[in-house]
Amino acid sequence: MIYNNVLEAIGHTPMIKLNKMNKKGSADVLVKFEGLNVGGSIKTRTAYNMIRHAEKEGKIHEGTVIVEPTSGNQGIGLALVGAVKGYKTIIIMPDSVSEERRKLVNHYGAEVVLIHDDGDIGKCIQECLDTALRMAEENENVFVPQQFSNINNIGAHKYHTALEILEQTSVRIDGFCSGIGTGGTITGIGETLKAQYPDMVIWAVEPENAAILAGGNIGTHLQMGIGDGIIPDILNQNIYDDIYIVTDEEAIQTAKDLASKEGIMCGISSGTNVAAALKLAEKLGEGKTVVTILPDTAERYFSTPLFEE
Ligand code: PMP
């Protein structure tokens with residue numbers, strides 16, 4: 001089969017069973033490996049879905065400039081979609097995101113604007129958003145997808161990622177867990193899976209230093225892409241049954257184990273998700289099935305502690 005362009009190849013990522021990391025007597029853990037997605041992360045799906053819908057709704061046209069505040073992967077996804085569709089793209093990100101992410105955005109031909117992160121990531125993300133909205137005010141050709149409040153972010157997962165998960169699993173799904181950046185993943189996948197399996201358990205997962213849903217303090221942490229210090233507009237706070245907290249050390253060690261024990265090269269928030277999934281699997285026990293997401297590839301983290309010995 002030949003795709004007409006790379007956008008048609010988005011999605012259809014593999015679901016893989018973990019073999020060595022779960023404890024004896026635990027449920028099976030299945031991971032959906034979005035590091036193998038076009039663009040190297042789950043966020044290519046949301047970029048494509050938000051741009052497609054904006055086109056359909058007449059919000060963008062030839063000459064539109066796409067401007068988005070993002071802590072990384074969404075910028076890479078939008079830069080990729082902009083490159084294929086011929087829209088100039090400007091990505092506004094905190095200067096604390098890994099160098100690889102900035103370089104990838106540039107490599108797709110998009111422009112990067114950096115905003116200084118002085119340790120308060122919530123404040124910095126807000127400044128990135130304010131800058132984008134100011135650009136839209138000053139130029140009518142600017143379109144800001146606003147992933148934190150765009151329902152087509154949820155739609156990418158509700159109508160695509162989640163349906164793939166259901167197609168790929170012949171067994172009943174008893175548990176699902178996910179970290180929260182925009183909340184699109186947990187809301188979209190959670191809503192579709194819970195409609196199919198109303199008794200299943202869903203855990204929201206938060207970094208220890210950014211456990212805003214659990215009422216904790218917000219500080220810096222290494223689990224990039226989640227725990228931005230805000231409760232996103234599109235997050236369905238009724239979709240999860242419980243909150244599970246993961247430390248940076250646990251996230252990084254789990255991501256390292258995924259590579260060295262299971263042969264799966266994924267990013268730090270994948271470690272977060274799997275650390276929680278292993279705990280949920282232990283709780284649910286043998287014969288049950290837990291699903292989680294590996295949002296991106298490890299190759300985005302060479303300059304971070306993930307690759308420190
Ligand atoms: N992990 C990584 C690496 C991400 O880039 C993102 C997206 N910000 C997430 C997890 C969380 O996904 P969502 O925005 O759908 O909550």
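Before I start, one bit of vocabulary: when I say strand E1 or helix H2, I mean a DSSP run, at least two residues for a strand (E) and at least four for a helix (H or I), numbered from the N terminus.

Okay, so what you have up there is a predicted model of a protein chain with a ligand. On confidence, the mean pLDDT of the protein chain is 96, and 100% of its residues reach 70 or more. For the complex, the predictor gives an ipTM of 0.98 and a pTM of 0.96.

Let's do the overall layout. The chain is split into two domains. Domain 1 is made of two pieces, 6–36 and 160–307, and domain 2 is 43–143. Going by C-alpha atoms, the centres of the two domains are 24 Å apart. Where they touch, domain 1 puts in 20 residues and domain 2 puts in 18. On the domain 1 side of that contact you've got 8 nonpolar residues, 9 polar and 3 charged.

UniProt has an entry here too, an unreviewed one, and it lists residues 7–296 as "domain: Tryptophan synthase beta chain-like PALP". Over that stretch, 7–296, the chain comes out as 40% helix and 18% strand. The C-alpha atoms at its two ends sit 17 Å from each other.

Now the ligand. Where does the ligand lie with respect to domain 1 and domain 2? Between them, because both domains give residues to the shell around the ligand. That shell has 18 residues, and the closest are Asn73, Gly181, Thr185, Gly225 and Ser269. By type, the shell divides into 12 polar, 4 nonpolar and 2 charged residues.

How does the record line up with that? The unreviewed UniProt entry puts "binding site" at Asn73, Gly181, Thr182, Gly183, Gly184, Thr185 and Ser269. So let me walk through a couple of those.

Asn73 is in helix H2, which covers residues 73–85. Is Asn73 buried or exposed? It takes 20 or more other C-beta atoms within 10 Å to call a residue buried, and Asn73 has 30, so Asn73 is buried. Skipping sequence neighbours within four places, Asn73 makes contacts with Ser41, Lys43, Gly225 and Asp296.

Then Gly181. You'll find Gly181 in the loop that runs from strand E7 (175–179) to helix H6 (184–196). Gly181 also counts as buried, because there are 30 C-beta neighbours inside 10 Å. Again leaving out neighbours within four places in sequence, the contacts of Gly181 are Gly225, Ile226 and Asp228. And Gly225 should ring a bell: it was on the Asn73 contact list as well.

Next, Lys43, which I know some of you will ask about. The unreviewed UniProt entry annotates Lys43 as "modified residue: N6-(pyridoxal phosphate)lysine". Lys43 is in helix H1, residues 43–56. With 30 other C-beta atoms within 10 Å, Lys43 is buried. Apart from residues up to four places away in sequence, Lys43 touches Asn73, Gln74, Ile76 and Gly77.

Pro69 is worth a stop on the way. Pro69 belongs to strand E3, residues 65–69, and with 27 C-beta neighbours inside 10 Å it counts as buried. Not counting neighbours within four places in sequence, the contacts of Pro69 are Ile92, Ile125, Cys128, Leu129, Thr131 and Ala132. Pro69 and Phe148 are 79 residues apart in sequence, and the C-alpha to C-alpha distance is 9.6 Å.

Last topic, backbone angles. Most residues other than glycine have a negative phi. Which way does His12 go, positive or negative? Positive: phi of His12 is near 55°. His12 is in the segment before strand E1 (15–17). His12 is also exposed, with 12 other C-beta atoms within 10 Å, since 12 or fewer is what it takes to be called exposed.

Gln146 has a positive phi too, near 55°. Gln146 is in the loop between strand E6 (142–143) and helix H5 (151–168). It has 19 C-beta neighbours inside 10 Å, so Gln146 counts as partly exposed.

To wrap up, the thing to take away is the ligand, which lies between domain 1 and domain 2 because both contribute to its shell. Okay, over to you.

Definitions and conventions
Residues are numbered from 1 along each chain as its sequence is written. This is a predicted model: local features need pLDDT of at least 70, side-chain atom pairs count only at pLDDT 80 or more; totals for chains, interfaces and linings use all residues. Domain bounds come from an automatic or database domain assignment. Two residues are in contact if their C-beta atoms, placed from the backbone, lie within 7 Å. Ala, Val, Leu, Ile, Met, Phe, Trp, Tyr, Cys and Pro count as nonpolar, Asp, Glu, Lys and Arg as charged, and the others, Gly among them, as polar. A residue is near a molecule or strand if its C-beta atom, placed from the backbone, lies within 6 Å of it. UniProt positions are given in the numbering used here, feature names are shortened, and annotations may be inferred rather than shown by experiment. pLDDT is the predictor's confidence in each residue, from 0 to 100.
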